[in-house]
Amino acid sequence: LIIVPIINYAGGFLTAFYAAIALKYKGYYVVIAAPTANDKTIGEVKEYGLDVWICPSLPYIGEIELEWIQQFDFVLINSLQNMICVSEIAEKVPLMWWLHENRVQYEDIIGQYGEKIETRTLKNAEIYAISNLARNYFREFFPDERVKRLAFGLPDFYNYKNYSTKNKIVIALIGTIVKRKNQLGFIKAIKKLSEDEKNRINCWIIGRSGG
């Protein structure tokens, strides 16, 4: 079972999606569960033979949710937003928690859910972060927990067939377009390149507007 905050085209979900594909390739039966989803994304996920379960109560876990969650041999929980799931499930089913958030998100999410978290249960979870930076953010708020590093990304491909990149270097910046992701800094850096260097690259900024 893989629990995600939302099924859409954001990087956090896509990483979980490709993990699910890898697990299915190894012979596992995989279900992706979320409280809400983009219909188009659901269609693409199902094309890979993966099951999608929409559970509107998530991330909150009650007796009804625990009943079906405990039917799985292993649970992978993606993102800090699902920390309540970790707290409720970790003592009942083997669990891995994968983190990739920045510090601001920790302040927001812990401020929202902190009082509902049984921190003692976190010791039963295998906790991983995508980078040393993400690991340090987690340990700033939970200094007693052991966090390992697990770098996991996306396949290097695209399917826009009408766009030629022949003899070009493609630089892609993927993520919601918001100040904290510093797309502006990327644009300023590109502008400092020589004209010859600019002619040898394609720059893609891929993501929805974050306001």
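**Close-up views of the predicted model**

**View A. Residues around the second largest pocket.** Of the 20 residues that line the second largest pocket, Ile2, Ala19, Leu23, Phe74 and Leu76 lie nearest its centre. The model shown in this and the following views is predicted. The space within the second largest pocket amounts to about 500 Å³. Three elements, α1 (11-25), β4 (75-78) and β5 (95-99), each contribute at least two residues to the lining of this pocket. The largest contribution to the lining of the second largest pocket comes from α1, which gives 5 residues. Sorted by class, the residues lining the second largest pocket are 16 nonpolar, 2 polar and 2 charged.

**View B. Helix α1 and the elements that cover its buried residues.** The buried residues of α1 include Phe13, Leu14, Thr15, Ala16, Phe17, Tyr18, Ala19 and Ala20. Among the elements covering the buried residues of α1 are β1 (2-3), β2 (31-34), α2 (39-47), β4 and β5. Ala19 appears again here, being one of the residues that lie nearest the centre of the second largest pocket. With 15 residues at 1.5 Å a residue, α1 should span 21 Å, and the distance between its end C-alpha atoms is also 21 Å, so the two values agree. After α1 comes glycine 27, which has a positive phi near 105 degrees.

**View C. Aromatic cluster of Trp97, Tyr106, Phe138, Phe141 and Phe142.** The structure contains 9 aromatic pairs. Tyrosine 106 pairs with phenylalanine 138 in an edge-to-face arrangement, with 6.4 Å from centre to centre and 70 degrees between the planes. Because tyrosine 106 belongs to helix α5 (residues 103-113) and phenylalanine 138 to helix α6 (residues 132-141), this pair ties together parts that are 32 residues apart in sequence. Tyrosine 106 counts as buried because its relative accessibility is 0%. Phenylalanine 138 likewise counts as buried, at 0% relative accessibility. Tyrosine 106 also forms an aromatic pair with phenylalanine 141; this pair is stacked, with 5.4 Å from centre to centre and 10 degrees between the planes. The stacked pair links distant parts of the chain, from tyrosine 106 in helix α5 to phenylalanine 141 in helix α6, 35 residues apart. Phenylalanine 141 has a relative accessible area of 26% and is therefore partly exposed. Trp97, Tyr106, Phe138, Phe141 and Phe142 are joined into a cluster by ring pairs.

**View D. Surroundings of glutamate 145 in the loop between α6 and β7 (148-149)****.** Glutamate 145 has a relative accessibility of 8% and therefore counts as buried. Leaving aside residues up to four places away in sequence, glutamate 145 touches Thr119, Leu122, Lys123, Ile127, Phe138 and Arg139. One of these contacts, Phe138, is also a member of the aromatic cluster in View C.

**View E. Asparagine 182 and glutamine 183 at helix α7.** Asparagine 182 occupies the loop between β8 (169-174) and α7. Its phi is near 60 degrees, a positive value in a residue other than glycine. Asparagine 182 counts as partly exposed because its relative accessibility is 46%. Glutamine 183 belongs to helix α7 (residues 183-191). Glutamine 183 has a relative accessibility of 7% and so counts as buried. Beyond residues up to four places away in sequence, glutamine 183 touches Leu173, Gly175, Thr176, Ile177, Val178 and Ile205.

**View F. Backbone geometry at proline 59 and serine 79.** Most peptide bonds are trans, and most residues other than glycine have a negative phi. The peptide bond from leucine 58 to proline 59 is cis, and its omega is near 10 degrees. Proline 59 sits in the loop between β3 (51-54) and α3 (63-69). Serine 79, although not a glycine, has a positive phi of about 90 degrees. Serine 79 lies in the loop between β4 and α4 (83-89). Serine 79 counts as buried because its relative accessibility is 2%, and buried residues are those under 20%.

Note on methods: Residues are numbered from 1 along each chain as its sequence is written. This is a predicted model: local features need pLDDT of at least 70, side-chain atom pairs count only at pLDDT 80 or more; totals for chains, interfaces and linings use all residues. Side-chain values use heavy atoms; hydrogens and water are left out. Helices (H or I, at least four residues) and strands (E, at least two) are DSSP runs, numbered from the N terminus. Buried means under 20% relative accessible area, exposed over 50%, partly exposed in between (1.4 Å probe, protein chains only). Contact means heavy atoms within 4.5 Å. Rings of Phe, Tyr and Trp (its six-membered ring) pair if their centres lie within 6.5 Å; planes under 30 degrees apart count as stacked, over 60 as edge-to-face and the rest as tilted. On a 1 Å grid over the protein atoms alone, a cavity is a set of points where a 1.4 Å probe fits but cannot get out, and a pocket is an open set with protein on both sides within 12 Å along at least five of seven lines; lining residues have an atom within 4 Å of a point. Grid points are joined across faces, edges and corners, and a volume is the space filled by probe spheres set on the points. Ala, Val, Leu, Ile, Met, Phe, Trp, Tyr, Cys and Pro count as nonpolar, Asp, Glu, Lys and Arg as charged, and the others, Gly among them, as polar. The expected span of a helix is 1.5 Å times one less than its number of residues.
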